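I opened the structure and went through it one topic at a time. These are my notes.

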Amino acid sequence: MKRALVRYRKSAFGTYITRNQKYAPILFFMGGFIFDTLTLGRIDRVYDTVVLCSHMTLVSITLYLYNTVNNDKWEGTFIRRYSEYFPLAIQFFFGALSSAFVIYFFRSVSMSKTMFFFILLVLLLFANEFLKKKISNKYLQFSVYFFISFTFFTFMIPTLIRQMNTFIFIISGLVSLWSTLALIRFIYKSSPSTRAEISLKKLMGIIFSIYITINVFYYFNLIPPVPLALDTGLVAHDVQKINNEYIVTYEKDEWFVFWRKHNINFHRQENQRVYVFTSVFAPTDLKKSIFHRWKWFNPNTGDWEVTDDLGFEVAGGRDRGFRGYTYKSNLKEGQWKVDVITEEELVLGVVDFVIKNTAEPYKEGMVKRSF
């Protein structure tokens with residue numbers, strides 16, 4: 001093994017890599033992101049589960065080795081010889097896990113208050129590029145590890161046990177907290193250098209602060225209800241179910257409005273129903289009640305007024321999501337939005353539109369699509 005490493009370093013490729021090693025963190029960052037983008041699809045697939053669990057296990061092992069490599073027991077071993085690559089390995093796994101969560105959260109997040117948590121994940125993903133210079137800071141590496149671990153368990157536990165509610169979220173957080181603190185204490189006891197560098201009380205204080213912050217986010221509905229994801233949400237003129245297909249008639253928006261399928265202006269005739277159609281992805285065998293919360297903006301008070309909570313249950317397993325719709329008649333003119341929420345009132349998405357009354361049937365941009 002040692003001879004192979006020497007030959008590698010003397011080769012043209014090895015020389016090129018050594019000369020450009022300052023770009024290695026970026027390459028490892030991009031490698032982890034591209035790998036997940038090309039390979040990950042559904043959180044409930046066996047492949048996705050194996051990949052995420054492997055990443056989480058390997059980053060835990062690598063963190064242990066990196067923080068104990070200065071111990072005498074590793075002298076003369078291959079672990080000591082390859083220890084210079086541990087920061088890159090940690091960065092790769094951090095990048096792979098955070099990019100996977102960004103991919104999954106992107107399906108769940110809406111252009112609403114849950115976007116704030118999604119932005120934090122994206123910032124973590126890109127900040128990972130600069131972690132190599134700071135990875136020796138044990139407070140930083142364990143803080144990032146705990147945040148990723150918390151996110152990992154809030155994805156995996158509901159997916160594996162086919163249940164999702166506030167109790168499961170609390171259990172997921174406690175499992176993450178316990179596993180992180182167990183790893184920290186194990187490293188702390190095994191590594192004299194770690195005991196010399198950090199205050200265990202300070203590090204645990206940071207971990208508990210992150211734990212409390214995430215739970216506050218959850219309490220104020222700032223975290224998307226993963227692993228559920230809103231695939232489609234639009235306002236429609238008509239919805240019909242024919243042979244297990246939903247035929248939806250709606251006003252299509254301009255081609256350059258890529259973030260929304262329907263026209264925000266809904267042209268409504270008198271006594272015409274207004275439909276809101278959604279398809280919600282859920283892992284196989286996971287069942288969940290979903291609600292459409294209809295809101296009208298009162299221009300006199302400047303507040304959104306809730307008019308109805310109309311619900312239906314979703315069952316997981318369908319690639320294109322579980323489909324459902326609600327409708328209302330005699331809507332007032334003005335701004336409307338329908339929050340797609342769970343029974344815990346976590347926001348899956350928001351369908352917003354403006355009602356404009358018209359005397360004649362509106363045909364411009366009208367399309368009919370099967371879901």
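I call a residue buried when its relative accessible area is under 20%. The model is predicted, so I treat each value as computed from it.

**Entry 1. Aromatic pairs**

I began with Phe150 and Phe169. Both Phe150 and Phe169 are buried. I then counted ring pairs and got 16 aromatic pairs. Phe150 and Phe169 form one of them, a tilted pair with 5.7 Å centre to centre and 50° between the planes. Phe150 sits in helix 9 and Phe169 in helix 10 (residues 166–190), so the pair ties together parts that lie 19 residues apart in sequence.

I looked at Phe152 and Phe153 next. Their rings make an edge-to-face pair, 5.0 Å centre to centre with 80° between the planes. Phe152 is buried at a relative accessible area of 6%. Phe153 is buried too, at 17%.

Which residues do ring pairs link into a cluster? I noted Tyr246, Tyr275, Phe277, Tyr325, Tyr327 and Phe371.

**Entry 2. Lys138**

I stayed with helix 9, which spans residues 138–161 and holds Lys138. Lys138 is buried yet has no salt bridge. The nearest side chain of opposite charge is Glu197, 4.1 Å away. I use a salt-bridge cut-off of within 4 Å from nitrogen to carboxyl oxygen, so the pair does not count.

What does Lys138 touch, leaving out residues up to four places away in sequence? I listed Asn67, Thr194, Glu197, Ile198 and Leu203.

**Entry 3. Salt bridges**

I found four salt bridges in the structure. I wrote down three, starting with Arg293.

The side chains of Arg293 and Asp309 meet in a salt bridge, at 2.8 Å from N to O. Arg293 is in strand 6 (residues 287–298) and Asp309 in strand 7 (residues 303–315). The pair is 16 residues apart and links distant parts of the chain. Arg293 counts as buried because its relative accessibility is 16%. Asp309, at 40%, counts as partly exposed.

Arg293 also forms a salt bridge with Glu345, with the closest N and O atoms 3.1 Å apart. Glu345 lies in the loop between strand 9 (334–342) and strand 10 (347–357), while Arg293 lies in strand 6, so this pair ties together parts that are 52 residues apart in sequence. Glu345 is partly exposed, with a relative accessible area of 36%.

I moved on to Lys328 and Asp308. Their side chains meet in a salt bridge of 2.4 Å, N to O. Lys328 belongs to strand 8 (residues 322–328) and Asp308 to strand 7, so the pair joins parts 20 residues apart in sequence. Lys328 is buried at 17% relative accessible area. Asp308 is partly exposed at 24%.

Which residues do salt bridges with shared partners join into one network? I have Arg293, Asp309 and Glu345 in it.

**Entry 4. The sheet with strands 2, 3 and 11**

I traced an open sheet of three strands, in the order 2-3-11, with antiparallel pairing. Strand 2 (238–242) and strand 11 (366–370) are the edge strands, and each pairs on one side only. I noted an average turn of 15° between neighbouring strands of this sheet, direction ignored.

How many bridges join strand 3 to strand 11? I counted five between strand 3 (residues 245–251) and strand 11, and the two run antiparallel. Ile247 has Ser370 in strand 11 as its bridge partner.

**Entry 5. Val248**

I picked Val248 in strand 3. Val248 is buried, with a relative accessible area of 0%. Not counting residues up to four places away in sequence, Val248 touches nine residues I could list: Leu234, Ala236, Asp238, Val239, Phe277, Val367, Lys368, Arg369 and Phe371. I checked Ala236 further. Val248 and Ala236 are twelve residues apart in sequence and 6.6 Å apart in space, C-alpha to C-alpha.

**Entry 6. Strand 1**

I closed with strand 1 (residues 229–236). Strand 1 is mostly covered, with six of its eight residues buried. Seven bridges join strand 1 to strand 5 (residues 274–281), and the two run antiparallel. I looked up Leu230 and found its bridge partner in strand 5 to be Val280.

Key. Residues numbered from 1 in each chain as written. Predicted model: local features only at pLDDT ≥ 70, side-chain atom pairs only at ≥ 80, totals over all residues. Heavy atoms only, no water. Pairing = 2+ DSSP bridges. Helix = DSSP H or I, 4+ residues; strand = E, 2+ residues; numbered from the N terminus. Axes fitted to C-alpha atoms, helices over the stretch in contact; angles between N-to-C directions. Buried < 20%, exposed > 50% of the residue type's maximum accessible area, 1.4 Å probe, protein only. Lys, Arg positive; Asp, Glu negative; His and termini not counted. Contact = heavy atoms within 4.5 Å. Phe/Tyr/Trp six-rings, centres within 6.5 Å; stacked < 30°, edge-to-face > 60°.
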